[in-house]
Amino acid sequence: MTTLTAEKITPDNVAAACQLAVEPHQRDFVAPVAVSLAEAYTQPEIAWPRLILDDGEPVAFVMAGFAPEAKLDFFRCGIWRLNVGAGVQGRGLGRFAVETVLEEARRRGEKTATVLWIPAEGGPEGFYLKLGFRPTGQTFNGEVVGRIEL
């Protein structure tokens, strides 16, 4: 049994986080970790980036956003990015990362959380639906808005 943990991004692990890469066919669906961290740097009061470790080895990255005052309701609490490393997918790492975000959302008193995905063959829609997210009927920049009750 392995031990999964979610760690804050620090000077000690930022390079490892930036080296994580998804499978080649998934690159059109999620930005590289370095881009996500640049966005987090510009919004430190909102962005919540975490490196997922499996027995101390970096295997995934997740970034949430918590902005209760956001104009668009689907940006108030949700998953902004999820990158599971190539070669380690299908082991529950993505589920762990999402559950980590949802746990933090509950800790903050949130009642729902959102995620956006590109509706295309090979995209993450099936993954998010299995976790309980449901399309809201909204789209944003061509992406489906999904929501889950906490």
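Trainee: Which strands does helix α3 lie across, and at about what angle does it run to β4?

Mentor: Keep in mind that this is a predicted model. Helix α3 covers residues 93–107 and lies across β1, β2, β3, β4, β5 (112–117) and β7 (143–149). Against β4, its direction makes an angle of about 160 degrees.

Trainee: What is the order of the strands in the sheet?

Mentor: Strands of a sheet can pair in a parallel or an antiparallel way. Here the pairing is mixed, and the sheet is an open one with 7 strands. At its edges sit β1 (4–8) and β6 (134–140), each pairing on one side only. From one strand to the next the twist averages 30 degrees. The order reads β1-β2-β3-β4-β5-β7-β6.

Trainee: Which residue of β2 is the bridge partner of threonine 5?

Mentor: Start with the strands: β1 pairs with β2 (residues 47–54) in the antiparallel sense, over 5 bridges. Look in β2 for the partner of threonine 5, and you'll land on leucine 53.

Trainee: Is asparagine 13 buried or exposed?

Mentor: You'll find asparagine 13 in the loop between β1 and α1 (14–19). Leaving out residues up to four places away in sequence, it touches Glu7, Lys8 and Leu51. The cut-off for buried is under 20% relative accessible area. Asparagine 13 has 13% relative accessibility, so it counts as buried.

Trainee: Which backbone nitrogen does the side chain of asparagine 13 reach?

Mentor: That side chain of asparagine 13 also reaches a backbone oxygen, the one of lysine 8, at 2.9 Å. For the nitrogen, the distance is 2.7 Å, and the residue is threonine 10.

Terms used. Residues are numbered from 1 along each chain as its sequence is written. This is a predicted model: local features need pLDDT of at least 70, side-chain atom pairs count only at pLDDT 80 or more; totals for chains, interfaces and linings use all residues. Side-chain values use heavy atoms; hydrogens and water are left out. Two strands pair if DSSP finds at least two bridges between them. Helices (H or I, at least four residues) and strands (E, at least two) are DSSP runs, numbered from the N terminus. Axes are lines fitted to C-alpha atoms, for helices over the stretch in contact, and angles run from 0 to 180 degrees between N-to-C directions. Contact means heavy atoms within 4.5 Å. Buried means under 20% relative accessible area, exposed over 50%, partly exposed in between (1.4 Å probe, protein chains only). A polar contact is a pair of N or O atoms within 3.5 Å; within protein, one must be able to donate a hydrogen and the other to accept it, and residues adjacent in sequence count only if both atoms are side-chain atoms.
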